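Thanks for sharing this one. Here are a few friendly notes to read alongside the model.

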Amino acid sequence: MNTLELLRADRVLTVVRAPEISDARDLCAALVAGGIHVVELTYTTPDLPRHLERAAATAAETGAVVGAGTVQTAGQATAAIDAGAQFLVTPGQGPEAAAVADAARAAGIPVVLGAFTPSEVMTALALGSAAVKIFPAHQLGPKYLKDLNGPFPGVPLIPSGGVNAGNAHDFLAAGALAVSAGTDVVSPADVAAANWDSITTKAKAFCAAL
């Protein structure tokens, strides 16, 4: 499966925001064991390309599809691609959004551009976004996502930010392609302390709530 097909099947990806990652391979293995195969490691973690390289090099072993998130510049996009990222995600549409999209297109991997308003969704689609990340999703909730599906039927939307086991199902029912699981599954403390069993347990609980 490609990344979008896998998201359609799993209906969830996880966004890892942690000050450090003790071992990206073990992190991915723990998430896959819990039912989450698509993993977004973000540029808010120092030395992200090193962690991406570790995750990408062991992807065949873990079964994870690993990409880079919080990508804001063409330089970050290139570094992530060189490290083995299989997709790119942006938090919004900064001045280099088009360059990030171009870098992903040249590498043959999908880009998911961040948006919040209908105009931003339109811009993301015009730039070639394979899906559109709606962030921060918790601000207006599942009803807003349903409203966006009105003018954008069939557009794959991925709500992110404030999505948890308690509201994830509502976002899917409102028409989301998939939801982003954040600290509800991968708390920074668990990631830093290598509490892999805890992460697997939380991933299983999140998937069950879908």
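1. Let me start with a question: is T58 buried or exposed? Do keep in mind that this is a predicted model. T58 has a relative accessible area of 9%, and T58 counts as buried because that value is under the 20% cut-off.

2. It helps to see where this residue sits. T58 is placed in the loop between α3 (48-57) and α4 (59-62). A polar atom of the T58 side chain lies 2.9 Å from the backbone oxygen of R54.

3. Now to the empty space inside. The model has 2 cavities of 30 Å³ or more. The largest cavity has a volume of about 100 Å³, while the second largest comes to about 30 Å³.

4. Which residues line the largest cavity? They are T3, L4, L7, L13, E40, F87, V89, P110, V112, K133, I158 and S180. Helix α1 (residues 3-10) gives the largest share of this lining, with 3 residues. By class, the lining of the largest cavity has 8 nonpolar, 2 polar and 2 charged residues.

5. The second largest cavity has its own set of neighbours: F116, I134, P136, A137, G141, Y144, L145, P159 and F171. Here the largest share, 3 residues, comes from helix α8 (residues 141-149). This lining divides into 8 nonpolar residues, 1 polar and no charged.

6. If you look at just two places in the viewer, I would suggest the T58 side chain with the backbone oxygen of R54, and the lining of the largest cavity, including E40 and K133.

Conventions
Residues are numbered from 1 along each chain as its sequence is written. This is a predicted model: local features need pLDDT of at least 70, side-chain atom pairs count only at pLDDT 80 or more; totals for chains, interfaces and linings use all residues. Side-chain values use heavy atoms; hydrogens and water are left out. On a 1 Å grid over the protein atoms alone, a cavity is a set of points where a 1.4 Å probe fits but cannot get out, and a pocket is an open set with protein on both sides within 12 Å along at least five of seven lines; lining residues have an atom within 4 Å of a point. Grid points are joined across faces, edges and corners, and a volume is the space filled by probe spheres set on the points. Helices (H or I, at least four residues) and strands (E, at least two) are DSSP runs, numbered from the N terminus. Ala, Val, Leu, Ile, Met, Phe, Trp, Tyr, Cys and Pro count as nonpolar, Asp, Glu, Lys and Arg as charged, and the others, Gly among them, as polar. Buried means under 20% relative accessible area, exposed over 50%, partly exposed in between (1.4 Å probe, protein chains only). A polar contact is a pair of N or O atoms within 3.5 Å; within protein, one must be able to donate a hydrogen and the other to accept it, and residues adjacent in sequence count only if both atoms are side-chain atoms.
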